[in-house]
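Open your viewer and keep the sequence panel in sight. We will go stop by stop, selecting a few residues each time.

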Amino acid sequence: MASENGEDKLLAAVRHIAKTLGRTETMADDILQIFSTFDGRLSREKLSEKQHDDGSLGDGGGGAVAAGDDRLSLSSMNRTLRYLDHQISRFVALDRLIWSDSADASAFLEAVDDLLDTIHDLDPPAPGNKPLLDRADDLLQKCMLRLEDEFRSLIERSDGGSPLDAPAAGSSPFDSDGENSDGDDVQVPVAHPVKDYDLIIDALAPGTVSDLHEIARRMVAAGFGRECAEVYALAHRDFVEESVARLGIRHRTAEEVQGTPWADLEDEIARWLKALNMVFRILIPSERRLCDRIFTGLSPFADLAFAAVSRASAIQLLFFADAVAIGNRAPERLFRVVDMYEAVRDLFPDLDPLFSDQYSTFLRTEAATVSKSLAAAIRGIFMELENLIRRDPARAAVPGGGLHPITRYVMNYLRAACASRRTLEEVMEEDTGTASPPDPDRPSSSLAVQIAWIMDVLQGNLEVKSKIYREPSLSCIFLMNNGRYIIQKVRDSELNVLLGEEWIRRQMARVRRWGNEYQRATWSKVIAVLRTDGATGSAKAMRERLRVFNAYFDEIYRAQTGWVVADEQLKAELRISVSELVLPAYRNFLGRYRNAADSGKHAEKHTRYSEEDVEARIGELFEGTGKRS
Amino acid sequence: MPATDYQGSSTPFASIGRSILSLRRDQLHPMDGHDGGTSQEQELEAFQRHVADLFLELSSSAAGGEDLLSLSWVRKLLDTFLICQEEFRVILFDSKGILSRAPLDRLISDFFERGVKALDVCNAIRDGIDQIRQWKKHLEIVLVALHPSHRTLGEGQLRRARKALTDLTILMLDEKEAGSVLNHRNRSFGRGSHGKDTNHHQGRHFRSLSWSVSRSWSAARQLQAINNNLSAPRGNEIAATNGLAVPVFTMSSVLLFVMWALVAAIPCQDRGLGTHFSAPRSFPWAAPVLSLHERIVEESKKKDRKNSNGLLKEIHQIERCTRQLAELMDSVQFPLTEEKEAEVRRGVQELAEVCDALKEGLDPLERQVRDVFHRIVRSRTEGLDSISRSNNPE
């Protein structure tokens, strides 16, 4: 008995030594093997058998009747599990991060791998191994809990760390203005230069990424992929949202955006434009890459984690555009809204590969919808412009028939808008639903039609305004001034391409027509006085005619030197045509008048203006200097 | 008329809208509108009746097979809204000549303002749907852990499931105290102490949801704002607007009710159902709408629903299932008795059913909410276009 007891003790001691020295099942096995060859009492059979009988899980009867092989493998499994339990419990009880020591980390992972292998071996279940499997499952659960914690801590430890620190001195172009970055918390993503979106943010250090991947691999293998993706999202989402907040982007509701004064909204849009590119070209692609690395070969968990991390920020940014799109349609908003439209549209090629999986593909639809809303807003703004022009009241006449502010405003507005001609083409075509892409140089494109229509509306409004001048001549001068300005602005801009030569020719013909009307209205009565139809009237009648001419001419001179023709060429043309009309008639008249008059001296007395005087005075018309009528 | 075909449709919807509108007008004015006045009256009358029918249908379907506030019922509610909105749009289109005349102009612009406010509700609801989706992820973990294919329910599996349930409970609790949880936002990242106990994450990591509305936003206040100054038109208003004051009031009420019911059903920031809702019984739709309103209020007052995140039937099921399962798990001893195991299996089965309902219903619901959003935007855009055009008789 005593020796038997002693042998038991010996066997127990040997098992203990093997278990303590051997970190793995095979190592322990090897050690036992060595012992068994060393001493006959330490045969493998005895060691195994004894262990099995000692096993707390051994259901004595079942084990005894089991076939020898099964018993053997079960007991070896049991041994392994006990060993793993010991190993794992030691790690799980650690009061610090296992990953704070890389040797611990790899030992723990190895234990988890062994456990997974063991569970695999126990499956499909053989009779009698259910208790083993339960124990293994329980152990696995402990491992996974701990891995989840380690995984989370690795991310959180890194999130505050260095990889995002601004690489260059100087303030970031994307610094949010409201936020004061305090000391070590500075991690504003910086891109120098701004246009370079090939940047990747490494939110986590490469070592951390590979650690995380190792953990993720085990969690997925153990069927804990969902937990892993979830813990990733929860731990890392704050980082993404914080990054967006640091770009100066706040959560805004539609109502708030509606209520924001345009000047403030413009600033916000400027920030948004930068943020949009930063987020969709740098931040989110970096997130995609990060997820792909951590969960490499572990799809769909990469997609799941990526969608969970990026959804909110993506939606938040896109929604702001929606909110702006439904806002007020004042024409001055056009330029910013066009910027927004272009920014979203230009993202599309990047979004396709980014949001290609089932969990995030809706973001592509979302972006497409947002760009549609912005396009509708742009069309709405053009409609509003049209309305504003049409409704612009003819209150006070511009002194001297000069250029009206609305002409200047509309023409400069359209010229500026044409800087985005291709975009506007696209937006207008979208409305008409033309299937084929528009030929942008075709004057019949939707945008061209739209612009021509606005020009018509403007023309109509100017004609209404011209009616408030008492003199028809001044109305003509007003229309000529504005008409000429329109031509010039069209000619030296993209409007030229849109409206086409034909339109310009028609506009020029119009201006000529107003010129003719002006001549008729102002000068026909003057010419009529001078015209004697060959018949030489009496000296008295001739004198009377001259007196009337002088009165007319004085009055015209007095009034029309105060009128304005801003365009020098137009002014010169007008004067020449007036001179060509008046001077020959006057010269002719003076000749006949001198003949008819009794004495030349007498004649000179009534001739207030020499031919040269008349010419000189015509040359002073339209200077905007004289007294106004 | 398919009410939810917007998503994925590649045809520009402006043109679809136009063709539908012209079609409608042709039907309404077959003789080129010689009897325009009466036919418009008929149109307005038909709208009232149709709205009433739709809500009666909703009300009776909730009494019959479908449960009030179930996912499928909420989807039906949104379909109803979309149909009403579409018909209202036709009415506006047919009356575009007079939209800018007082006092109709004010009524219309009030309606559009309400629409903008409703957009924010739609966004909040989308977040809420996403939140339910987060919950679903945890339910799925429970289902994976306790999957029937496991021959036996071991301690490890039960513990895994139990943890998922705990996480879910925290998620569902947290949103009620959103404010306190959101304060964690500004904590320094990753500098929290590394705890060793498995519960150390409580209250720290569990912000289940990223709201895309601002933090101070309140659904209750938003509903209040939609309701502001909403009152039935007086006789002289009706007369001065060719009767259009009536459909404007009707559509505003439908908008308010639908937004209110969404807030009632779906989790969102600062839910509150106190919005006073009234409509004179003389409107044919008033009775069914008010009765639905009353039934939902009653539901919200039930003891087991009072503290809910949302009155959606599926949320209730989640709450009930998870609580029962959790209690069951806490009470079991290992090895499991057959009886207990069967009980757990039953709980899991029930959970699986809720999960399936969510899987089938959440995505379409979210698309519908998005659709509602876009219909409101579109109706507003078209309305503004009509008004600015009619300001300029050519």
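Buried means under 20% relative accessible area, exposed means over 50%, and partly exposed lies in between. Keep those cut-offs in mind at each stop. One caution before we start: this is a predicted model.

**Stop 1: chain B as a whole**

Select chain B and show it as a cartoon. Chain B has 12 helices and 0 strands. Follow chain B along the sequence and the pattern reads α-α-α-α-α-α-α-α-α-α-α-α. How many of the 394 residues of chain B count as buried, as a percentage? The share is 57%.

**Stop 2: a salt bridge in chain B**

Now select B:R106 and B:E237 and show their side chains. The two side chains form a salt bridge, with 3.1 Å from N to O. This pair links distant parts of the chain, 131 residues apart. B:R106 sits in helix α4, residues 104–145 of chain B. B:E237 sits in helix α8, residues 235–240 of chain B. Is B:E237 buried or exposed? B:E237 counts as buried, because its relative accessibility is 11%. Its partner B:R106 is partly exposed, at 42%.

Next, widen the selection to both chains. Salt bridges that share partners join a group of residues into one network. From chain A, select A:R311, A:D322 and A:E366. From chain B, add B:R126, B:D127, B:D130, B:R133, B:D363, B:E366 and B:R370. Over all chains, the structure holds 64 salt bridges.

**Stop 3: turns and loops in chain B**

Stay in chain B and select B:A102 and B:P103. A cis peptide bond joins them, with omega about 0°. B:P103 is in the loop between α3 (71–94) and α4 of chain B.

Move on to B:N229. Its phi is near 60°, a positive value in a residue other than glycine. B:N229 belongs to the loop between α7 (219–227) and α8 of chain B. Is B:N229 buried or exposed? B:N229 counts as exposed, because its relative accessibility is 73%.

Then select B:N242. Here too phi is positive, near 55°, in a residue other than glycine. The loop between α8 and α9 (245–265) of chain B holds B:N242. At 46% relative accessibility, B:N242 is partly exposed.

**Stop 4: two salt bridges in chain A**

Switch to chain A. Select A:E214 and A:R218. Their side chains meet in a salt bridge of 2.5 Å, N to O. Both residues lie in helix α8 of chain A, residues 206–221. They are 4 residues apart, about one turn of the helix. A:E214 is partly exposed, with a relative accessible area of 25%. A:R218 counts as buried, because its relative accessibility is 6%.

Now pick A:D352 and A:R364. A salt bridge joins these side chains at 3.4 Å, N to O. This pair links distant parts of the chain, 12 residues apart. Find A:D352 in helix α13 (residues 334–354) of chain A and A:R364 in helix α14 (residues 362–391) of chain A. A:D352 is partly exposed at 38% relative accessibility. A:R364 is partly exposed at 28%.

**Stop 5: a negative patch**

Turn on the surface of chain A. Select A:D264, A:E266, A:D267 and A:E332, which form a negative surface patch. A:D267 lies in helix α11 of chain A, residues 262–294. Its relative accessible area is 45%, so A:D267 is partly exposed.

**Stop 6: a cis bond in chain A**

Select A:S299 and A:P300. A cis peptide bond joins the two, with omega about 10°. A:P300 is in the loop between α11 and α12 (301–325) of chain A.

**Stop 7: two positions along chain A**

Select A:R408 in helix α15, residues 405–417 of chain A. A:R408 counts as partly exposed, at 44% relative accessibility. Add A:K489, 81 residues away along the chain. What separates the C-alpha atoms of A:R408 and A:K489? The separation is 9.1 Å.

**Stop 8: a threonine in a loop**

Finish at A:T561. It is in the loop between α20 (539–560) and α21 (568–596) of chain A. A:T561 counts as buried, because its relative accessibility is 5%. Show the side chain of A:T561, which reaches the backbone oxygen of A:Y557 at 2.8 Å.

Note on methods. Residues are numbered from 1 along each chain as its sequence is written. Chains are lettered from A and ligands numbered from 1 in the order in which they are written. This is a predicted model: local features need pLDDT of at least 70, side-chain atom pairs count only at pLDDT 80 or more; totals for chains, interfaces and linings use all residues. Side-chain values use heavy atoms; hydrogens and water are left out. Patches are made of residues with over 30% relative accessible area and no salt bridge: like charges are joined within 9 Å, nonpolar side chains (Val, Leu, Ile, Met, Phe, Trp, Tyr) within 5 Å. Accessible areas come from the Shrake-Rupley method with a 1.4 Å probe; for residues, only the protein chains shown count as cover. A salt bridge is a side-chain nitrogen of Lys or Arg within 4 Å of a carboxyl oxygen of Asp or Glu. Lys and Arg count as positive and Asp and Glu as negative; His and the chain ends are not counted. The place of a charge is taken as NZ of Lys, CZ of Arg, CG of Asp or CD of Glu. Buried means under 20% relative accessible area, exposed over 50%, partly exposed in between (1.4 Å probe, protein chains only). A polar contact is a pair of N or O atoms within 3.5 Å; within protein, one must be able to donate a hydrogen and the other to accept it, and residues adjacent in sequence count only if both atoms are side-chain atoms.
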